[in-house]
Amino acid sequence: MANHYLTGATNDLMNLKCAKAVFDIGVTGTLAAADVVYSGVRIPDGSVITRAWYYVETTFTDGGDDDTTIKLGLVSDDDEFVAAIAISAAGDVWDAGSHGSLIGFGGVESGDNAETAIENAAAGSATFVQTTTDDEIIMTTATDVVSAGKLTLFVEYVASGDLS
């Protein structure tokens with residue numbers, strides 16, 4: 001049996017990052033249908049996004065029936081983190097509190113037909129996204145106006161550089 005040693009390996013943990021984007025209707029003013037809010041926060045080219053979640057500080061409203069949809073994503077994919085979901089939709093994803101996203105939260109099964117931990121990990125990692133350009137975090141509205149709401153979106157990523 002032979003020993004093999006890799007060269008150039010590092011373990012400085014400086015490549016694990018978490019971007020933070022705040023969307024506050026009190027700052028932007030009322031948003032109309034199809035408005036895009038650019039956060040100014042970018043995820044670098046070659047990053048692997050491993051998880052995203054958000055905290056709603058002020059519940060969103062459109063000042064009426066709350067049928068307006070909101071999306072969270074990137075310029076390259078405007079619903080990468082949260083697909084278009086109405087403010088009034090079941091699950092209250094635009095109400096105050098902590099919420100998950102489409103990235104990093106693969107399904108976990110339980111019971112007699114439960115998958116193994118490795119299968120659950122594979123389901124979670126299947127949601128990861130690799131950026132192919134510097135990409136900005138955005139919020140997009142549809143259907144109606146958004147008159148109130150504030151959230152902070154956290155996007156965890158590994159600044160991996162070129163993985164090709």
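**Close-up views of a predicted model**

**View 1. Glu156 and Arg51 join up in a salt bridge.** Here the side chains of Glu156 and Arg51 meet, with N and O 3.1 Å apart. Keep in mind while you look that this is a predicted model. The two partners come from distant parts of the chain: Glu156 sits in strand S9 (residues 148–159) and Arg51 in strand S3, 105 residues apart. How exposed is Arg51? Its relative accessible area is 33%, so Arg51 counts as partly exposed. As a bit of background, side chains of opposite charge can pair when their charged atoms come close. The whole structure has four salt bridges, and two others get their own views below.

**View 2. Lys150 and Glu57 make another link between strands S9 and S3.** In this salt bridge, the closest N and O atoms are 3.6 Å apart. Lys150 belongs to strand S9 and Glu57 to strand S3, and 93 residues separate them along the chain. Both ends can be checked for cover. Lys150 is partly exposed, with a relative accessible area of 21%. Glu57 is partly exposed too, with a value of 49%.

**View 3. Lys71 pairs with Asp78.** The side chains of Lys71 and Asp78 form a salt bridge at 2.9 Å, N to O. Is Lys71 buried or exposed? With 18% relative accessibility, Lys71 counts as buried, because the cut-off for buried is under 20%. Asp78 comes out at 26% relative accessibility, so this partner counts as partly exposed.

**View 4. Phe60 and Trp94 meet edge-to-face.** The structure holds three aromatic pairs, and this close-up shows one of them, Phe60 with Trp94. A pair of aromatic rings is described by the distance of the centres and the angle of the planes. For Phe60 and Trp94, that gives 6.0 Å centre to centre and 70 degrees between the planes. The planes are over 60 degrees apart, which means the pair counts as edge-to-face. Phe60 lies in strand S3, while Trp94 lies in the loop between strand S5 (77–86) and strand S6 (97–99). They are 34 residues apart, and the pair links distant parts of the chain. How much of each residue is accessible? Phe60 is buried, at a relative accessible area of 1%, and Trp94 is buried as well, at 0%. Widen the view a little to bring in Tyr54: ring pairs link Tyr54, Phe60 and Trp94 into a cluster.

**View 5. Ala34 has a positive phi.** Most residues other than glycine have a negative phi. Ala34 isn't a glycine, yet its phi is positive, at about 70 degrees. Where is Ala34 found? Look in the loop between helix H1 (25–28) and strand S2. Ala34 has a relative accessible area of 59%, so it counts as exposed.

**View 6. Asp66 also has a positive phi, but this residue is buried.** Its phi is near 55 degrees, and Asp66 is not a glycine either. You'll find Asp66 in the loop between strand S3 (47–61) and strand S4 (69–74). Asp66 has 19% relative accessibility, and it counts as buried because the limit is under 20%.

**View 7. Val36, Tyr38 and Val75 make a nonpolar patch on the surface.** Together these residues form a patch of about 280 Å². Tyr38, one of the residues in the patch, has its place in strand S2 (residues 36–43). Tyr38 is exposed, because its relative accessible area of 52% is over the 50% cut-off.

**View 8. Zoom out to the protein chain, with its two helices and nine strands.** Along the sequence, the pattern reads β-α-β-β-β-β-β-α-β-β-β. The protein chain has 164 residues, and 34% of them are buried. About 9,200 Å² is exposed, with carbon and sulfur atoms supplying 52% of that area. Now for contacts between residues at least 6 apart in sequence: 77% of them join residues at least 24 apart. And how confident is the prediction? The mean pLDDT of the protein chain is 87, and 85% of its residues reach 70 or more. Confidence is highest in S2, at 97, and lowest in helix H2 (residues 117–125), at a mean of 72.

Note on methods:
Residues are numbered from 1 along each chain as its sequence is written. This is a predicted model: local features need pLDDT of at least 70, side-chain atom pairs count only at pLDDT 80 or more; totals for chains, interfaces and linings use all residues. Side-chain values use heavy atoms; hydrogens and water are left out. Patches are made of residues with over 30% relative accessible area and no salt bridge: like charges are joined within 9 Å, nonpolar side chains (Val, Leu, Ile, Met, Phe, Trp, Tyr) within 5 Å. Accessible areas come from the Shrake-Rupley method with a 1.4 Å probe; for residues, only the protein chains shown count as cover. Helices (H or I, at least four residues) and strands (E, at least two) are DSSP runs, numbered from the N terminus. Buried means under 20% relative accessible area, exposed over 50%, partly exposed in between (1.4 Å probe, protein chains only). pLDDT is the predictor's confidence in each residue, from 0 to 100. Contact means heavy atoms within 4.5 Å. Rings of Phe, Tyr and Trp (its six-membered ring) pair if their centres lie within 6.5 Å; planes under 30 degrees apart count as stacked, over 60 as edge-to-face and the rest as tilted.
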